[in-house]
Amino acid sequence: MLSEETITAIADELVEAGRTRVPIERLTARYPDMNVQDSYRVQDLWRRRSEANGRRLAGRKIGLTSRAMQAAVGITEPDYGIIFDDMVLENGSSIPWDEFTHPRVEVELAFVLGNDIRGPGATIFDVLQATKYVVPALEILDSRIEMDGRTIVDTISDNAAMGAMVVGGNPVDPHDVDLRWISAILYKNQIVEETGVAAGVLNHPAAGVYWLANAIAAHGEGLGAGEIILAGSFTRPLWVQRGDTVAVDYGRLGTITCRFE
């Protein structure tokens, strides 16, 4: 386990990397004994620093829940990170490309909670009962740590690579649609780049939400009413460049678009 001084130093580096958009050297290259517990300590301190600077919690993201994503990054277990209110963007947004270090996009569903969910022992039925509505989302991944050779330790420390998210389309009651069979077509510059079905996320996108509730229960936390929970991607990450237009067609759930300027 890393010392408090080292955890503080890493969190300070990540705050600065977020400001300058210059990624820091991979943590596991510098601290080979760093473990997942250390990573969440870094993330928690980074969160507290961000909140002290005026950022407000909007929700949480779950990452690496699908085989597509795990295969893409060589990691075999989920992780989670924080969503602040300034990370939530409107459908049709023009997004400054240079506000990110290594922007990529993923296709996801967002669960907006009407009631709290607390673990341990939370189930898929708790999630469906607590969810006010489910809405299409596009996550924008970012990296404050260099990409080559990253492990889950690096990714968790980097707030699970959360950059921002675009929310849009048609909100639906989770009881009115078979969430497993929600599908999406991801376009970049009018070309189909990825397709996917939400069952790719742990066989049911709500499964990631109760996994998260149980995971954070070990730290005395729960998921609160009003929070947005990004349930995990069911496509591989897609790199975007300045000038790219991205669109995701969710069928009956509508369409999300954004452009990177």
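This is a short walk through one sheet, several salt bridges and one helix of the structure above. Keep in mind that the model is predicted.

Let's start with the sheet. Five strands make it up, and the sheet is open. The order runs β4-β13-β12-β8-β9, with mixed pairing. Which strands sit at the edges? They are β4, residues 93-95, and β9, residues 191-197. Each of these pairs on one side only. On average, neighbouring strands in this sheet are turned by 20 degrees against each other, ignoring direction.

Look at one pairing in detail. Strand β8 covers residues 183-188. Its pairing with β9 is antiparallel and runs over six bridges. If you want a register marker, take Ala 184: its bridge partner in β9 is Gly 196.

Next, the charged side chains. How many salt bridges does the structure hold? The count is 19. I'll go through some of them.

Begin with helix α1, residues 4-20. Asp 12 in α1 meets Arg 49 in helix α3, which spans residues 36-52. Their side chains form a salt bridge at 2.2 Å, N to O. The two residues are 37 apart, so this pair links distant parts of the chain. Both ends have some solvent access. Arg 49 is partly exposed at 27% relative accessibility. Asp 12 is partly exposed too, at 37%.

Stay in α3 for the next pair. Arg 47 and Glu 51 form a salt bridge at 3.3 Å, N to O. Why are they separated by about one helical turn? Because they are four residues apart in helix α3. Arg 47 is buried, with a relative accessible area of 13%. Glu 51 is partly exposed, at 30%.

Now a long-range pair. Glu 227 bridges to Arg 60, with the closest N and O atoms 3.6 Å apart. Glu 227 lies in the loop between α7, residues 205-217, and β10, residues 228-230. Arg 60 is in strand β1, residues 57-63. So the bridge ties together parts that are 167 residues apart in sequence. Buried or exposed? Glu 227 is buried, at 10% relative accessible area. Arg 60 is buried as well, at 3%.

There is also a network. Salt bridges link Arg 21, Asp 142, Arg 144, Arg 150 and Asp 158.

Back to helix α1 for one more arginine. Arg 19 is found there. Its relative accessible area is 60%, so Arg 19 counts as exposed, the cut-off being over 50%. What does its side chain touch? A polar contact of 2.5 Å joins it to the side chain of Glu 16. For a sense of distance, take Glu 221, which is 202 residues from Arg 19 along the chain. The C-alpha atoms of these two are separated by 28 Å.

Last item: helix α7. Which of its residues are buried? The list is Pro 205, Ala 206, Ala 207, Gly 208, Val 209, Leu 212, Ala 213, Ile 216 and Ala 217. What covers them? The cover includes strands β1, β2 (79-84), β5 (104-113) and β10. Helix α5, residues 124-130, is part of the cover too. Note the overlap with the long-range pair: β1 holds Arg 60, and the loop between α7 and β10 holds Glu 227.

That's the tour. Questions are welcome.

Conventions: Residues numbered from 1 in each chain as written. Predicted model: local features only at pLDDT ≥ 70, side-chain atom pairs only at ≥ 80, totals over all residues. Heavy atoms only, no water. Pairing = 2+ DSSP bridges. Axes fitted to C-alpha atoms, helices over the stretch in contact; angles between N-to-C directions. Buried < 20%, exposed > 50% of the residue type's maximum accessible area, 1.4 Å probe, protein only. Polar contact = N/O pair within 3.5 Å; in protein donor to acceptor, adjacent residues only side chain to side chain. Salt bridge = Lys/Arg side-chain N within 4 Å of Asp/Glu carboxyl O. Contact = heavy atoms within 4.5 Å.
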